[in-house]
Amino acid sequence: GILDHSVRLSQDLSVAVFDVGQASCSAILDEGCWPRVYYDLGWPANFNGKSRPPFKPSIFDYDEPAPVIISHWDMDHWAFAIQETKYDRGELAMRPVWKPEALHRVWVAPNPTKTGQPVGPFLLSLLAALEYERLMPGINALQLLPDDLTHLDLTWGRLEVCDPPPGVQRTRNNTGLALWIYGADNQMMLLTGD
């Protein structure tokens, strides 16, 4: 319902793919070119820093916070939410500071532990921040999809849960969510994570 509600007043939908280097960040836009749903909020990790564009795009200019669909939990699919990192001398660790405009919206995502891959400290920090972010009484920003879900039909598209064939090990890169977007004349667009 959250994802359908975000496009309820839109007449025509289009897709924008933001230049974020070796990362993933797209949006479903309304006829005024305002983001209505984001598909990933990625920014390159430091080891891919050379792929970053010269200027970071401004993607949070719209007044109504569009929900985010996370394809999977690799850092280059959610790192746009990081405002900065600070070094904590007492713990000898880096601590992320999150962009409030990134957190104050609904994030629809697969369970990060479903692949069996380790969940790192930055991702744990993001998950905790999203759990703590209250959008309404009893509703936090993080909305994990049920583990047994195979797809989710929307009025404007379909979320498809991706899994490898039997016998192939599950990883973050071969699981997650793909997004079909329905267009005019029975045309469709497919957005994938990796």
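1. Let's start with Thr 175, which counts as buried in this predicted model. The relative accessibility of Thr 175 comes out at 10%, and the cut-off for buried is under 20%, so the label follows directly. You'll find Thr 175 in the loop between β12 and β13. Its side chain reaches the backbone oxygen of Thr 171 at 2.7 Å. If you leave aside residues up to four places away in sequence, Thr 175 touches Ser 71, His 72, Thr 115, Cys 162, Asp 163, Pro 164 and Arg 170.

2. Thr 175 also turns up at the largest cavity, where it is listed with Pro 110, Asn 111, Lys 114 and Gly 176 as lying nearest the centre. In total, 19 residues line this cavity. Which elements give two or more residues to that lining? They are β12 (157-162) and β13 (176-182). The space inside comes to about 160 Å³. As for the character of the lining, nine residues are nonpolar, five are polar and five are charged.

3. How many cavities of 30 Å³ or more does the structure hold? There are two, and the second largest has about 40 Å³ of space. Its lining is made up of Pro 35, Tyr 38, Ile 59, Phe 60, Asp 61, Tyr 62, Glu 64, Pro 65, Ala 66 and Arg 105. Sorted by type, seven of these residues are nonpolar and three are charged, with no polar ones.

4. Now for the sheet. Six strands form an open sheet, running in the order β1-β2-β3-β4-β7-β10, and the pairing is mixed. The edges belong to β1 and β10 (142-144), each of which pairs on one side only. As a reminder, strands of a sheet pair through backbone hydrogen bonds, either parallel or antiparallel.

5. Strand β2 is worth a closer look. Is it largely enclosed or open? Five of the five residues of β2 (residues 25-29) are buried, so the strand is largely enclosed by the rest of the structure. In a regular strand the side chains alternate between the two faces of the sheet. In β2, Cys 25, Ala 27 and Leu 29 sit on one side, with Ser 26 and Ile 28 on the other. Both of these faces are covered.

6. The partners of β2 are easy to trace. With β1 (residues 14-17), β2 pairs in the antiparallel sense over four bridges. Along that pairing, Ser 14 stands opposite Leu 29, and Val 15 stands opposite Ile 28. With β3 (residues 35-41), the sense is again antiparallel, over five bridges. Here Ser 26 of β2 faces Tyr 39 of β3.

7. Next, the turn that joins β2 to β3. This hairpin has five residues between the strands. Cys 33 lies in that loop and has phi near 65 degrees, a positive value in a residue other than glycine. Most residues other than glycine have a negative phi, and most peptide bonds are trans. Is Cys 33 buried or exposed? With a relative accessible area of 53%, Cys 33 is exposed, the cut-off for that label being over 50%.

8. Asp 40 also has a positive phi, near 75 degrees, and is likewise a residue other than glycine. Its setting is strand β3. The relative accessible area of Asp 40 is 0%, so Asp 40 is buried. If you're checking backbone angles by eye, Cys 33 in the loop between β2 and β3 and Asp 40 in strand β3 are two places to look.

9. Last, Ala 93, which belongs to strand β6 (residues 93-98). At 22% relative accessibility, Ala 93 counts as partly exposed, because buried means under 20% and exposed means over 50%. Not counting residues up to four places away in sequence, Ala 93 touches Lys 86, Tyr 87 and Asp 88. How far apart are the C-alpha atoms of Ala 93 and Thr 192? They are separated by 33 Å, with the two residues 99 residues apart along the chain.

Technical notes: Residues are numbered from 1 along each chain as its sequence is written. This is a predicted model: local features need pLDDT of at least 70, side-chain atom pairs count only at pLDDT 80 or more; totals for chains, interfaces and linings use all residues. Side-chain values use heavy atoms; hydrogens and water are left out. Buried means under 20% relative accessible area, exposed over 50%, partly exposed in between (1.4 Å probe, protein chains only). Two strands pair if DSSP finds at least two bridges between them. On a 1 Å grid over the protein atoms alone, a cavity is a set of points where a 1.4 Å probe fits but cannot get out, and a pocket is an open set with protein on both sides within 12 Å along at least five of seven lines; lining residues have an atom within 4 Å of a point. Grid points are joined across faces, edges and corners, and a volume is the space filled by probe spheres set on the points. Ala, Val, Leu, Ile, Met, Phe, Trp, Tyr, Cys and Pro count as nonpolar, Asp, Glu, Lys and Arg as charged, and the others, Gly among them, as polar. A polar contact is a pair of N or O atoms within 3.5 Å; within protein, one must be able to donate a hydrogen and the other to accept it, and residues adjacent in sequence count only if both atoms are side-chain atoms. Contact means heavy atoms within 4.5 Å.
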